[in-house]
Amino acid sequence: MNKRIFGSLLACLVAVQIIAQESSTLSPYSQYGLGVLADQSLGFSRGMGGLGYGLRNGRQINMQNPASYSVVDSLTMLFDIGMSGKITNFKEGGKSVNSNTGNFDYAVASFRLFKNVGLGVGIVPFSNIGYDYISIDNSTGTIESYSGDGGFSQLFLGAGWEFAKGFSLGFNLSYFWGKYDKSVTVQNSDGSANVLTRQYSTTVRDYKLDFGLQWQKLVNPNNLLTIGLTTSIGHNLHANADVQTITTNTTTGVSNIPDPAGVENAFSLPWAFGVGATLVHKKSLTVGFDYSLQRWGALDYPVYDSQGYSLKNNYYNNRHKIAVGLGWVPNPLSRKFFQVLQYRIGASYATPYYKIKGTDGPSELTLSAGLGIPVSRSMVHISGQWVRSAADNYITENMFRISLGLTFNERWFAKWKVD
């Protein structure tokens with residue numbers, strides 16, 4: 001038993017290193033804010049539009065609402081890992097470019113700690129940064145080069161407690177960390193002017209705290225209703241933003257490198273709220289919806305302008321997201337393979353959380369479908385997602401993502417009797 005638990009913890013530590021070292025996006029939009037916000041749904045819910053707040057299933061880990069940890073079976077150890085591959089098309093002004101990326105998404109585990117108390121632990125991404133492109137102004141001959149990489153992740157430990165029949169509450173306490181390095185280089189196409197480079201950087205090491213509540217009731221013998229609420233505590237991340245300005249004379253090759261500028265306590269996490277509900281009919285059909293609000297609009301962001309490098313308001317927007325989903329198992333009690341396959345479809349829509357030069361950034365529309373394949377007591381989750389990110393007068397991104405999730409359901413805590 002100790003070896004198995006140690007093995008699971010070791011797998012999580014390996015996942016920490018993998019997720020921390022890779023960027024899963026090549027989107028120019030990742031240069032804004034804290035990057036492209038990651039899909040934090042796990043394999044079983046991605047095919048249903050990323051539902052999470054009202055999902056409660058003892059065979060699946062649902063870190064989106066930590067109150068769900070309390071439903072895990074007393075004999076079960078759940079371990080879930082996920083990975084994905086993406087093909088993205090970037091289109092602007094009649095020009096089109098494709099890119100391919102792949103990455104390890106998450107690793108989570110859950111088991112019962114005490115009666116009516118379950119534990120969850122794992123690592124999930126929060127946002128991703130990765131881009132490299134050139135912008136040319138033919139009227140002035142100015143060439144601007146943009147590049148950046150980095151991202152932010154959460155290593156969490158959580159618990160869920162069913163404190164009364166049908167009522168559960170829980171929390172996730174995360175170590176929130178990450179960094180980014182961004183640069184902008186401006187030069188003239190004829191090489192007659194100085195080259196100006198600004199290098200932006202930050203490193204974050206702080207915490208993130210989320211709470212969840214679920215209420216579940218058997219409405220009638222055929223229908224089970226679950227309503228979930230979540231909230232995330234907004235706070236300052238106590239991280240500084242730094243910028244280094246370098247001017248290079250193209251004739252002499254001499255660079256002028258003044259002291260870097262910095263902004264203290266430059267980044268914050270927003271207060272967030274989520275509500276969702278699911279209805280399970282005859283243990284066969286699941287339908288649900290989620291709504292979430294992230295109050296980014298109340299936060300400031302470090303911006304470099306003619307007045308220097310300082311915190312500015314009116315950079316962020318409040319982010320609203322809705323998701324709907326459906327899951328269906330033809331006959332969950334059957335022993336026939338095609339009768340126990342899990343079919344899933346869903347959709348979601350999210351408004352932008354930042355502005356680009358004073359106008360709204362890209363909104364995000366997602367359509368998804370998935371399949372759950374039982375393998376003994378475990379489950380293989382395959383889902384496909386089409387994600388469209390678009391903003392007026394800017395790049396349109398169409399991404400197709402294939403995700404693979406593996407949920408291992410092991411009876412680690414069973415006591416065997418020998419006659």
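**Pockets, cavities and cores in the predicted model**

The largest pocket comes out at about 1700 Å³, a volume being the space filled by probe spheres set on grid points joined across faces, edges and corners. A pocket here is an open set of points on a 1 Å grid over the protein atoms alone, with protein on both sides within 12 Å along at least five of seven lines, and lining residues have an atom within 4 Å of a point. This is a predicted model, with local features needing pLDDT of at least 70, side-chain atom pairs counted only at pLDDT 80 or more, and totals for chains, interfaces and linings using all residues. Residues are numbered from 1 along each chain as its sequence is written, and side-chain values use heavy atoms, with hydrogens and water left out.

Of the 44 residues lining the largest pocket, Q31, Y32, Y133, Y146 and K357 sit closest to its centre. By class, the lining splits into 25 nonpolar, 7 polar and 12 charged residues (Ala, Val, Leu, Ile, Met, Phe, Trp, Tyr, Cys and Pro count as nonpolar, Asp, Glu, Lys and Arg as charged, the others, Gly among them, as polar). Strand β4 chips in the largest share, 7 residues; strands are DSSP runs of E, at least two residues long, numbered from the N terminus.

The second largest pocket holds about 1400 Å³. Its lining runs to 49 residues, with N57, G58, R59, K283 and Q342 nearest the centre, and the mix is 19 nonpolar, 21 polar and 9 charged. Here β7 gives the largest share, 4 residues.

As for enclosed space, the whole structure has 2 cavities of 30 Å³ or more, a cavity being a set of points where a 1.4 Å probe fits but cannot get out. The second largest has a volume of about 30 Å³, and its lining includes N57, Q60, Y69 and V72.

Turning to packing, the largest nonpolar core has 33 residues, and L34, F267 and Y316 have the most contacts inside it. Such a core is a set of buried Ala, Val, Leu, Ile, Met, Phe, Trp, Tyr and Cys residues joined through side-chain atoms within 4.5 Å. β4 gives the most to this core, with 3 residues. Neighbours within four places in sequence aside, L34 touches F126, S127 and Y353, among others (contact means heavy atoms within 4.5 Å).

S127 lies in β4 and is buried, at 1% relative accessible area (buried is under 20%, with a 1.4 Å probe and protein chains only). The S127 side chain reaches the backbone oxygen of L34 at 2.6 Å.

Note on methods:
Buried means under 20% relative accessible area, exposed over 50%, partly exposed in between (1.4 Å probe, protein chains only). A polar contact is a pair of N or O atoms within 3.5 Å; within protein, one must be able to donate a hydrogen and the other to accept it, and residues adjacent in sequence count only if both atoms are side-chain atoms.
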